[in-house]
Amino acid sequence: MKVSLIDEPLTVQRPVVTIGIFDGVHTGHQFILDRLKEEARRHRGESVVVTLWPHPRIVLNKDVWNFRLLHTREEKIRELDRRGVDRLIFIPFNREVASLSACEFVKKYLVDRIGLEVLIMGYDNRFGYNRKGNPKKLASLANVYGFKIKHLPELGNGRERVSSTLIRNAILHGELETAERMLGYPYYMTGTIVEGNRIGRKIGFPTANVHPLDPYKLIPRDGVYAVKVELKGSSCNGMLNIGCRPTMDSASAVKTIETHIFDVSGNFYGEQVVIHFIKRIRDEMKFGGLDELKIQLGKDKLIVEQLLKVSSVI
């Protein structure tokens, strides 16, 4: 997949385009992407996803203290590439872009920069200032600029409603199975391993402290999780704790993400990892000391090992 900025030189063959935020690239998005690729094949053109970055809610300061992303920029690229899209084009989002009407947006970016021939629209897809780019207005633009529009129906057949907001809520409540069903894959987080206090080493459970690459990345609810870990090209099993380590630092308000990777040893500080969250197994707990903590971690590991025997995420 070719990744470009909208202001870079672009030569696209008979572009079939869809536009959206695609945070999470969930099953609803995947339905659109499959139709996009089908139409591109019929049209003998390239499938093109146009997206905005940073996320408009961050730029426009809409509840930005509570808003979190399902995907970082790099994760979005990863998922769209996995879906077989030919091109991904980023429009750097700012208040000037936000002020463009639907007509101005289509003319400036989709017509003049990309030269679209077909526009694929999801059932609730809107863009332009105040999302006023509705089907009627877009039809008139298509007549003026000579492109076709294909409107897609809502993903149905008795399926549950899917949205990025619903997925965020499920993850925040620790409901990973619900999130996975809507995403079509387990939720994951990309981060860097940083140095911690090494307490885990003293009790036989060394941990890698993971720092998310993007401060807006959504972190699941506090607790202990069964996880799959991508590290240095390998897939590993592990268990992960999110929380404030009440046994050791009961007065601390600093949240940590600590991952015990099974059957792996060495110094991985500075390495990038991808953590796939499989299942939340319990709340974070406070113990009477390190001995009690060690016993519980042993129990947790047995549970996690059984869970991950039947998981083949990566």
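**Exercise 1. Classify Phe277 as buried or exposed, then describe its ring partner.**

Solution. Phe277 has a relative accessible area of 1%. Buried means under 20% relative accessible area, exposed over 50%, and partly exposed in between, with a 1.4 Å probe and protein chains only. Phe277 is therefore buried. Tyr225, at 0% relative accessibility, is buried as well.

The next step is the ring geometry. Rings of Phe, Tyr and Trp (its six-membered ring) pair if their centres lie within 6.5 Å; planes under 30 degrees apart are stacked, over 60 edge-to-face, and the rest tilted. Tyr225 and Phe277 are 5.4 Å apart centre to centre with 80° between the planes, an edge-to-face pair. Tyr225 belongs to strand β9 (residues 223-231) and Phe277 to strand β12 (residues 272-282), and the pair links parts of the chain 52 residues apart. Helices (H or I, at least four residues) and strands (E, at least two) are DSSP runs, numbered from the N terminus. Tyr187 joins Tyr225 and Phe277 in one aromatic cluster.

The model is predicted: local features need pLDDT of at least 70, side-chain atom pairs count only at pLDDT 80 or more, and totals for chains, interfaces and linings use all residues. Residues are numbered from 1 along each chain as its sequence is written, and side-chain values use heavy atoms, with hydrogens and water left out.

**Exercise 2. State how many aromatic pairs the structure holds, and work through the pair of Phe105 and Tyr109.**

Solution. The structure holds four aromatic pairs. For Phe105 and Tyr109 the ring centres are 5.1 Å apart and the planes stand at 65°, so this pair is edge-to-face. Both residues lie in helix α5 (residues 102-114), four residues apart, which means a separation of about one helical turn. Phe105 is buried at 4% relative accessibility, and Tyr109 is buried at 6%.

**Exercise 3. Describe the packing of helices α7 and α8.**

Solution. Two packed helices are described by the angle between their axes and the distance between the axes. The axes of α7 (residues 164-172) and α8 (residues 176-183) come within 8 Å and cross at roughly 155°. α7 is therefore roughly antiparallel to α8. Axes are lines fitted to C-alpha atoms, for helices over the stretch in contact, and angles run from 0 to 180 degrees between N-to-C directions; under 35 degrees counts as roughly parallel, over 145 as roughly antiparallel, 65 to 115 as roughly perpendicular and the rest as oblique.

Contact means heavy atoms within 4.5 Å. On α7 the contact is made by Leu166, Ile167, Ala170 and Ile171, and on α8 by Thr178, Ala179, Met182 and Leu183.

**Exercise 4. Find which residues other than glycine have a positive phi in the loop between β2 and α1, and locate a cis peptide bond.**

Solution. Most residues other than glycine have a negative phi, and most peptide bonds are trans. Phe22 has a positive phi of about 55° and sits in the loop between β2 (16-19) and α1 (27-43). Val25, in the loop between β2 and α1, has a phi near 40°. Phe22 is buried at 4% relative accessibility, and Val25 is buried at 0%.

The peptide bond from Trp53 to Pro54 is cis, with omega near 0°. Pro54 is in the loop between β3 (47-53) and α2 (56-59).
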